[in-house]
Amino acid sequence: MNTALITGSAGFIGYHCARRWLDDGWQVIGLDSFSDYYDPQLKRDRAAMLAAYPGYKEVEGKVETPGLLMDLFAEHKPAHVVHLAAQAGVRYSIEAPRTYLEANIQGTFELLEAARAHPGAHLLLASTSSAYGANEKMPYAETDKADAQMSFYAATKKATEAMAHSYAHLYDLPVTMFRFFTVYGPWGRPDMALFKFVKAMLNGDPIDVYNHGQMRRDFTYIDDLVEAVRKLADARPTATAAGDFDSLSPVAPFRIVNIGKAKPDALGDFIAEIEHSLGLEAKKNMMEMQAGDVPATWSDTRLLEALTGYKATTELSDGIPEFVTWYRTYYDV
Ligand SMILES: NC(=O)c1ccc[n+]([C@@H]2O[C@H](COP(=O)([O-])OP(=O)(O)OC[C@H]3O[C@@H](n4cnc5c(N)ncnc54)[C@H](O)[C@@H]3O)[C@@H](O)[C@H]2O)c1
């Protein structure tokens, strides 16, 4: 049986990815620290559903712990390694940058060291659309220069791209890095807008609308992301580029792939869909732009399509009601 190692398996994206590999008949080793950045009970509940699969093995620990990933690579010889464990969130990186340094940079270093000692896996690592930082050219393409990160979170993720490239080159390790664009869906993250807005609106509280609502996001539904990641796992980078828009390295089996919807929505339309789905009108606190944030994101997904034939399809009018249904059931509201 094939084995996948998934870090951050109790997280939002990790949980959905682990389920997909398990449903495909793989053995999955899930590593997570169950950090208290947001309610750990949500992580425990996701992990409990994974534990119901006979092919699932859970390991609790931090990715940056020296030797931990090394031992997991040695014991399980994974064919796919999906590295999602990280300190996520743009805003928290202004308060607690050291957490990002440890989880994201040291954690990725330990993963690369384990892969160097035990080669053979396709390494699939999470980066972020925040890596595009202050870029104004839209849509964002993987081959665009991206050197002006706006938050320490984005800086740590950009650093992991460079670190992984050097290992891919020096040790011939196949690496695919994902730049995810604002992901949402059931079992989502409590620090992200959809979760916060639904919670506040059901409580009758106002919602904070940044930049006076003048924001656009390439909102990506979780099922579209999982499909893209699963297909890319079977598309190991080789010496052949998919087209002149391919980010494939000239020296290493390494590429960066945007995972987004390729169609940004205005924050106002996003809020209107939530109102429609809840049958409630939001009380809006109009706010200034937050430090570290960007007014718009928009993905160019030609590379994803060329490599996998896949293109995200889920509209807000389908994805938001799925989240609302999950939220009402989970919290019994
Ligand atoms: N959700 C998004 O919109 C989005 C966008 C861009 C990038 N990403 C990236 O995708 C990945 C997954 O994000 P998510 O939304 O599922 O976040 P999440 O916080 O729900 O999941 C991350 C998981 O990693 C675990 N973790 C944190 N630090 C750890 C450590 N040091 N060792 C082991 N486990 C640790 C957490 O407990 C959590 O379960 C992250 O790398 C994130 O930066 C997410």
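# A tour from the ligand outward

Begin by selecting the ligand and then strand E5, since the largest share of the shell around the ligand, three residues, comes from E5. Keep in mind along the way that this is a predicted model.

Next, widen the selection to the whole shell, where 30 residues surround the ligand, and the closest are Ile-13, Asp-32, Tyr-38, Tyr-153 and Lys-157. If you colour these surrounding residues by kind, you will find 16 nonpolar, eight polar and six charged.

Now zoom in on the polar atoms of the ligand. Select Gly-11, where a polar backbone atom lies 3.1 Å from an oxygen atom of the ligand, and then Ser-35, where a polar backbone atom is 3.2 Å from an oxygen atom of the ligand. With Glu-64 the side chain takes part, for one of its polar atoms is placed 2.8 Å from a nitrogen atom of the ligand. How much of the ligand does the protein bury? Taken alone, the ligand exposes 820 Å², and the protein buries 96% of that. To see which elements give two or more residues to the shell, select helix H1 (12-23), strand E5 (122-128) and helix H6 (152-171).

From here, turn to the sheet. Show the strands in the order E3-E2-E1-E4-E5-E6-E11, and you will have an open sheet of seven strands with parallel pairing. Strand E3 (56-60) and strand E11 (254-259) stand at its edges with a single partner strand each, so one side of each is left without a neighbour in the sheet. Looking across this sheet, you will see neighbouring strands turned against each other by 20 degrees on average, direction ignored.

For one pairing within the sheet, select strand E1 (residues 3-7) together with strand E4 (residues 80-83), which pair in the parallel sense over four bridges. Within this pair, pick Leu-5 and look across to Val-81, its bridge partner in E4.

Then bring back the two helices seen around the ligand. H1 packs on the sheet and touches E1, strand E2 (27-32), E3, E4 and strand E6 (175-180), while its direction makes about 170 degrees with that of E1. H6 also packs on the sheet, where it touches E5, E6 and E11, and its direction makes about 165 degrees with that of E6.

Finish with two stops in the loops. Most residues other than glycine have a negative phi, and most peptide bonds are trans. In the loop between E5 and H6, select Pro-139, which is joined to Met-138 by a cis peptide bond with omega of about -10 degrees. Last, go to Asp-172 in the loop between H6 and E6, a residue other than glycine whose phi is positive, near 55 degrees.

Terms used: Residues numbered from 1 in each chain as written. Predicted model: local features only at pLDDT ≥ 70, side-chain atom pairs only at ≥ 80, totals over all residues. Heavy atoms only, no water. Near = heavy atom within 4 Å. Polar contact = N/O pair within 3.5 Å; in protein donor to acceptor, adjacent residues only side chain to side chain. Areas by Shrake-Rupley, 256 points an atom, 1.4 Å probe, with all protein chains shown as cover. Nonpolar A, V, L, I, M, F, W, Y, C, P; charged D, E, K, R; others polar. Pairing = 2+ DSSP bridges. Axes fitted to C-alpha atoms, helices over the stretch in contact; angles between N-to-C directions. Contact = heavy atoms within 4.5 Å.
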